[in-house]
Amino acid sequence: LTHQLLLVNPSDADAGSVTDAFAGVFDTQPGTVARSRTTWLETADSRLAKSGIRLREVTIGRRRQLFLTTDTGVVESGPATGLSWPGLPAQLGDGQLGELIGGAAAERAVVPACTVDTTGTTIRLLDRNAKTIGTALIEQRCLTAPYEGTLPVRITLTALRGYHKELRPAVTALLASGARTAQWFEDTMPEFDRGTGWLQPAKARVTLRDSDPAARSVAIVLLALLDEIEQNVAGTRADLDIEFLHDLRIAVRATRSLLKLTGDVLPEGTVENFAPRWRSVGAFTAPTRDLDVLDVAVSGGDPAFGGASAEDFTPFREWLAKRRRAEFRRLSAALGSTEFTDLLGEWRAVLTQAAKTSRKARGMRTDKLVVTRMDKARRRAGKLADGLTESCPIEDVHDLRKRCKELRYLRDAFLTIGAADEHRKTIRELKALQDVLGEIQDDVVLLDALGEYAASTPAPPVATVLALGAVKDRLEQRQRHARAELPAVLTPVTGHRPAQSNDQTAV
Amino acid sequence: VEILAVYNIKGGVGKTSTAVNLAYLAAQGGKRTLLWDLDPQAAATYIFRVKPRVKGGGERIVRGRRPIEDAIKGTDYENLDLLPGDFNYRHMDLLLDSAKKPTTQLRRVLEPVGNQFDLVVLDCPPSMSLVSENVLRAAHTVLVPLIPTTLSVRTLDQLSDFVAGTAGDKLRLLGFFSMVDMRKKLHRDIVENLPATRADLAKTAIPSMSIIEQMAARREPVAHFAPRSLATQRYKQLAVEAFGEP
């Protein structure tokens, strides 16, 4: 019933100057002034934007409201009272908003990306009979932390019913005063979804050339990983969600793998100096992550676990949570320590220097480095795969998994070097293998934890014991299946067919 | 949608003042309200500062050749829209007479906007005509402003008979005393005694006050420019009797 126009005045306009623009066209009457605060919300890895969702919280007085819009034009809203950000989507409950945000963000915390404070002044536009024909809402907007600055004034013209035509001169008057249409503003808003505080900027594309010196390429790749590590430290220490630590650990593992497989091309002493320090980071970040994985495994209950409900696992989860609190304190302290800060600083200095290596510098070329190190890593994995049998110790499976991970990190890091199609195929195969190996490993960790829980808890509830028993049976069964799947996923990656053992399916 | 008509055969009894203020109070109370100024004099339209002209002419609206929505104008007040009066409405009887079902045309015209409003207030012209019959068939409640005289009570009786012969018992007829001058003994006697004896008379009486007459000069509902006045209080009470809490 109303007709709206969005205009942006590029100058530092205020309500007075906008009113001046209508002089001689309409009489104006000052109206209400209202203040509001709009906060755009996103996950650290922009999951909402990737799912076509834009989420805003609007506060007017004491009223807080969430507004969600999708690319398909769906608009949902609901009260935001009692919600806090950063926060997990679970706090939204089971409604439509909770389903949409939870579906897109999953386990990631939703965090404030950008906040705009708005002072809206409404003026009435009157015709010659002093009849209101429409209103102009003049919004002066300021970005608050983490950004600071003034946004262009936004003017929204709304015609009263039956007065669309009469309002047209208002548009003309505004355009003549330097305002312009605001489509670009709407297009620009998603930019605020990224790049602040907890949020990671879009990953810089690393450009490598086959002919570049290997030292330069390795340093560039490791610098990108260092960015990734640094971007996840704050979120991990604030414990916003478990994915910050997960992403941090992946970057640390990739750093360690590349340092091991290609670090020799970096300046002398680099591997000796940094490999043990990064190993230490890997070690102090592991326990918390392991406990997170365990909790996720049993948090929803699982029909596959003998129909056990989520409540049956509550005592076990409480036990896990207690351990996690202790581990997390250690993790947070380590990430805030001088040793860790020094490591980041020194590592960046070394890599920055190496990345400056001239493209014409002598030494091993990047393509040669990739080919030789891939071969070496593949051979090493193949050798381990040869030794695997259905009954081999779990440590052997774990070793193979680590070697495969190294292979994958290497391939991931130098994706643009050599034949892209072949790389993608290798990565697909490695992913399939790692899934199987990872499942085996996760099961073992869970089984160990269940054993520890049983040993440390004198009298757990009967339902919990039964549920954990069902889990144990199920895990052992899954392990057998996973080991049986190994040959199919192992051969394409290592080129080796696993050994047969007593006429049984070999792994 | 509830349809409330303010109607009397006589002119100058406070129909427009009542229609304007009740529509305003309903809108203030949150009801999405449409005021249709059916009077060719377009006094309600004037008070709301709207041009007394229906785009394309009232004839096309009544004949259904133009959607009623196109002619509706927003007022300066939230929730309150106006279908302006038009001098051409003086021919409405002829227009209605030439239609297929001449006595139900207004109801038909209002149907398309029924879901946009909670309340439609009809400010009717003073006559006993085909327009009146249309109003009585369209409305759920007819408010009849009466100046407290012996003859005015006779008017209410005449209207009751007319309603019984047209709209049957589906229509609620509610008279109320308007332009009451408590300095006059006759007014006092009638206002104090008659409502108790008749169920079709409202308990609320609207006094004769200069502040109500100022509406035309200020071009605003009295309930807007004098919200604490006695007149506004009385209109609020009348609104409660007419359609519940405004």
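Reader: What area does chain B expose, and what percentage of it do carbon and sulfur atoms supply?
Author: This is a predicted model, in which local features need pLDDT of at least 70, side-chain atom pairs count only at pLDDT 80 or more, and totals for chains, interfaces and linings use all residues. Residues are numbered from 1 along each chain as written, chains are lettered from A in the order written, and side-chain values use heavy atoms, without hydrogens and water. By the Shrake-Rupley method with a 1.4 Å probe, chain B exposes about 10,800 Å², of which carbon and sulfur atoms supply 49%.

Reader: What percentage of the residues of chain B count as buried?
Author: Buried means under 20% relative accessible area (1.4 Å probe, protein chains only). Chain B has 246 residues, and the buried share is 57%.

Reader: Why is strand β7 of chain B described as largely enclosed by the rest of the structure?
Author: Strands are DSSP runs (E, at least two residues), numbered from the N terminus. Strand β7 covers residues 172–180 of chain B, and it is largely enclosed because its buried residues number seven of the nine.

Reader: Which residue of β8(B) is the bridge partner of B:Phe177?
Author: Two strands pair if DSSP finds at least two bridges between them. β7(B) and strand β8 (residues 201–207) of chain B run parallel, joined by three bridges. Within β8(B), the partner of B:Phe177 is B:Ala205.

Reader: Which residue stands opposite B:Phe176?
Author: Strand β6 (residues 141–146) of chain B runs parallel to β7(B), with six bridges joining them. Opposite B:Phe176 in β7(B) stands B:Pro145.

Key. Buried means under 20% relative accessible area, exposed over 50%, partly exposed in between (1.4 Å probe, protein chains only). Helices (H or I, at least four residues) and strands (E, at least two) are DSSP runs, numbered from the N terminus.
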